[in-house]
Amino acid sequence: MTSLLALDIGGTKVGWGIVEARDTPEVTERGSIPTEAMRGGADVAERVCALARSLVTSHPEASGIAVASAGVVDPATGTIVSATGTMPGWGGTALGAQLKAATGLNARVLNDVHAHGLGEATLGAGRPYRSVLSIAVGTGIGGAFVEDGRVAFGARGIAGHVGHIHHHYAPDMACSCGRFGHIESFCSGSGITAWYDSLRTSADPEADGGRALQDLAESGNALAAACFARSAYALGEATASLVNCTDPAAVILSGSMTRSGDMWWDGLREGFAASAMTPVADTPLLVGSLGGDAPLLGAVSFFLHP
């Protein structure tokens, strides 16, 4: 039986798991450390390598390192090609090579959202389906298209940036990528809250995050309810546009916004129904089943089947 060390490097924390790579891989032990991203990419890489070295020492059965990482990743080399200002200096980090030098084990690196989608497609809610469009809706919005157990990377490794589809509801809303009008700017957890704050009057209370905004909407605040309904509807329309183009067997949605209750899901399904072409209108919209293990298991899947 093969054991692997799996790492999930995000802007807030670095999660780790020891994964038994049996017929159905299983995370048998897990933990995390703070990323402390603003200390810079070199510092993050140094501490990730130290963590890996320590875990490999305490788990000598580990035969390789499977990594899901924030940033645009070259999956052939394990290098972080580029990254946002959330983790300054992370772009250009030769992560795979550094981990191998630190531990003596081969390391394979995949973008974290690609890994999340691959995990859900191969080991989670997408297992019955040959092709899956995975959409993660949390602080931001990302995604992956997975077919026959393989992620579609695109020519530059950035395929799956579904949060950067333009929508007419948001022509003047600034996106994290520096452009305007993308759905991430008002359909993500941070975006929907910013949208509400930009529209509220003195009669509307402040909302500290998507969960607080949901509570406001459910308590009867008209503006909060409108923001929830319209953002979910817009995401449904964007999802339908993607399905019209890629024709997946199923769509899997995961992330914090998928826990927003019937108001959000009803709006999403209405938007999808309004824009999906007839041949794909019955494409199932599923909720992810792996939770925080999805990127760890996706990274392992990629390690075993690059």
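When I call a residue buried, I mean that its relative accessible area is under 20%, while exposed means over 50% and partly exposed lies in between, with a 1.4 Å probe and protein chains only. Please keep in mind that this is a predicted model, in which local features need pLDDT of at least 70 and side-chain atom pairs count only at pLDDT 80 or more, whereas totals for chains, interfaces and linings use all residues. Residues are numbered from 1 along each chain as its sequence is written, and side-chain values use heavy atoms, with hydrogens and water left out.

Let me start with the sheets. Helices (H or I, at least four residues) and strands (E, at least two) are DSSP runs numbered from the N terminus, and two strands pair if DSSP finds at least two bridges between them. One open sheet has five strands in the order E3-E2-E1-E4-E7, with mixed pairing. Its edge strands, each pairing on one side only, are E3 (26-34) and E7 (107-111). On average, and ignoring direction, neighbouring strands of this sheet are turned by 20° against each other; such axes are lines fitted to C-alpha atoms, for helices over the stretch in contact, and the angles run from 0 to 180 degrees between N-to-C directions.

Within this sheet, E1 and strand E2 (residues 13-20) run antiparallel and are joined by seven bridges, whereas E4 and E7 pair in the parallel sense over five bridges. In that second pairing, isoleucine 65 has alanine 107 of E7 as its bridge partner. Four of the five residues of E7 are buried, so E7 is largely enclosed by the rest of the structure. Helix H3 (residues 112-123) lies across E1, strand E4 (62-69) and E7, and runs at about 95° to E7.

One residue of this region deserves a pause, namely aspartate 8, which is found in strand E1 (residues 3-9) and has glycine 15 as its bridge partner in E2. Which side chain of opposite charge is nearest to aspartate 8? It is lysine 13, 6.7 Å away, and aspartate 8 is buried yet has no salt bridge. Here a salt bridge is a side-chain nitrogen of Lys or Arg within 4 Å of a carboxyl oxygen of Asp or Glu, and in counting charge Lys and Arg are positive, Asp and Glu negative, with His and the chain ends not counted. Leaving aside residues up to four places away in sequence, aspartate 8 touches several residues, including Val14, Ala68, Asp112 and Pro295, where contact means heavy atoms within 4.5 Å.

Now to the other sheet that I want to show. This open sheet of five strands has the order E10-E9-E8-E11-E12, again with mixed pairing, and its edge strands are E10 (150-151) and E12 (285-287). E9 and E10 run antiparallel and are joined by two bridges, with glutamate 147 standing opposite arginine 150 in E10. H7 packs on the sheet, touching E8, E9 and E11, and its direction makes about 155° with that of E8. H8 lies across E8, E11 and E12, running at about 155° to E12.

A nonpolar core is a set of buried Ala, Val, Leu, Ile, Met, Phe, Trp, Tyr and Cys residues joined through side-chain atoms within 4.5 Å. The largest one has 40 residues, and those touching the most other members include Ile135, Phe186 and Trp264. Among the elements that give it two or more residues are strand E8 (131-137), helix H5 (189-199) and helix H8 (262-275), while its largest share, 11 residues, comes from H7. Apart from it lies another core, of 27 residues, among them Val14, Val44, Leu99 and Leu105.

Finally, the charged pairs: a search of the whole structure finds 10 salt bridges. In one of them, the side chains of arginine 30 and aspartate 293 meet at 2.7 Å, N to O. Arginine 30 lies in strand E3 and aspartate 293 in the loop between E12 and helix H9 (294-304), so this pair ties together parts that are 263 residues apart in sequence. Glutamate 36 is partly exposed, with a relative accessible area of 38%, and its side chain meets that of arginine 47 in a salt bridge of 4.0 Å, N to O. Arginine 47, which is buried at 19%, also meets aspartate 43 in a salt bridge (2.8 Å, N to O). Salt bridges that share partners join Glu36, Arg39, Asp43 and Arg47 into one network.
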